[in-house]
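This report describes a protein model, beginning with its salt bridges and then turning to the overall fold, one helix pair and one backbone feature.

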Amino acid sequence: MRRIPEIVDKEETMDLRKERTKRSIINAFIELRANRPLEKITVKELSERAMINKATFYSHYKDIYDLSEQLEKETIDRILMDISHPEDFITRTKQASQELTVALSSQNRLIDILFSDSRASILANCLEQRLKKRIYMVYPEYEEEPEWDILLTVLIQGSFHAYVSHSKQMDNGLLIEILGDINERMLKKQPDDTKEEGK
């Protein structure tokens with residue numbers, strides 16, 4: 001009977017060790033990625049910085065791109081989790097765009113590192129795709145309407161790019177407020193049927 005707790009303890013120790021190793025790999029990657037393009041990072045260099053051997057790296061990830069893509073996906077997931085009601089882009093535009101920019105702000109450091117250089121367009125495109133999917137689940141009638149599709153692209157991509165372009169130059173709270181106001185004014189030109197729903 002005593003062996004069972006020992007086995008559990010060994011499993012817990014292994015899990016902790018794996019988790020520490022993975023954290024070490026991620027930290028080393030972020031340090032390297034903060035200073036150079038993804039294409040210039042090698043598994044050898046990352047392994048040396050994380051103080052592991054290459055085989056250990058490959059037991060966690062297929063290659064550098066796999067690691068980067070997993071971290072990108074986790075970052076996008078965290079941003080989207082902070083946006084509780086993306087359908088509000090249609091009825092409460094100011095609040096929804098403010099929620100998006102606050103969510104971006106909360107991941108600012110990782111966004112700057114992971115989505116720089118050749119990865120820059122991935123975040124905006126993925127956010128647009130996934131937010132639209134959630135919006136159209138609530139408002140399926142707008143999915144086939146080109147005007148709404150384009151308007152949502154402008155609201156989501158526009159908020160993203162404006163935030164990224166101006167976040168280092170002005171107060172975050174002011175920027176979020178301005179973006180909310182601009183998006184709300186844009187949506188006032190929306191089709192009449194949705195204006196009624198949002199009231």
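## Salt bridges

Asp112 and Lys168 are joined through their side chains by a salt bridge, with an N to O distance of 2.9 Å. This pair ties together distant parts of the chain, for the two residues are 56 residues apart. Asp112 belongs to helix α7 (residues 108-114), whereas Lys168 sits in the loop between α9 (146-166) and α10 (172-187). The two partners also fall into separate accessibility classes: Asp112 has 36% relative accessibility and is therefore partly exposed, while Lys168, at 61%, is exposed. The model is a predicted one, and the contact is described here as it stands in that model.

A second salt bridge lies within a helix. Lys132 pairs with Glu128, and their closest N and O atoms are 2.7 Å apart. Both residues are in helix α8 (residues 120-138), and because they are four residues apart there, about one helical turn separates them. Lys132 has a relative accessibility of 8%, under the 20% limit, and so counts as buried. Glu128 is likewise buried, because its 12% is also under 20%. Elsewhere, Lys73, Asp77 and Arg130 are joined into one network by salt bridges that share partners.

A third example is the pair Glu45 and Arg36, whose side chains form a salt bridge at 2.5 Å, N to O. Glu45 is partly exposed, with 22% relative accessibility, and Arg36 is partly exposed as well, at 27%. The count for the model comes to 12 salt bridges, and the three pairs described above are among them.

| Salt bridge | N to O distance | Relative accessibility |
|---|---|---|
| Asp112 and Lys168 | 2.9 Å | Asp112 36%, Lys168 61% |
| Lys132 and Glu128 | 2.7 Å | Lys132 8%, Glu128 12% |
| Glu45 and Arg36 | 2.5 Å | Glu45 22%, Arg36 27% |

## Overall fold

The secondary structure consists of 11 helices and zero strands, so that the pattern read along the sequence is α-α-α-α-α-α-α-α-α-α-α. The protein has 199 residues, of which 40% count as buried. Among the contacts between residues at least 6 apart in sequence, 69% join residues at least 24 apart. The accessible surface amounts to about 11,800 Å², and carbon and sulfur atoms account for 53% of that area.

## Packing of α6 and α9

Two packed helices are described by the angle between their axes and the distance between the axes. Helix α6 (residues 93-106) packs with α9 at an angle of about 45 degrees, and their axes are 10 Å apart. The two helices are therefore oblique to each other, and α6 passes α9 in a right-handed crossing. On the α6 side the contact is made by Thr93, Ser97, Leu100, Thr101, Leu104 and Ser105. On the α9 side the contributing residues are Leu155, Ile156, Ser159, Phe160 and Tyr163.

## A positive phi at Met51

Most residues other than glycine have a negative phi. Met51 is not a glycine, yet its phi is positive, at about 60 degrees. Met51 is located in the loop between α2 (43-50) and α3 (54-60). With a relative accessibility of 76%, Met51 lies over the 50% limit and therefore counts as exposed.

How values were computed
Residues numbered from 1 in each chain as written. Predicted model: local features only at pLDDT ≥ 70, side-chain atom pairs only at ≥ 80, totals over all residues. Heavy atoms only, no water. Salt bridge = Lys/Arg side-chain N within 4 Å of Asp/Glu carboxyl O. Buried < 20%, exposed > 50% of the residue type's maximum accessible area, 1.4 Å probe, protein only. Contact = heavy atoms within 4.5 Å. Areas by Shrake-Rupley, 256 points an atom, 1.4 Å probe, with all protein chains shown as cover. Axes fitted to C-alpha atoms, helices over the stretch in contact; angles between N-to-C directions. Parallel < 35°, antiparallel > 145°, perpendicular 65-115°, else oblique. Left-handed = near helix turned anticlockwise from the far one by under 90°.
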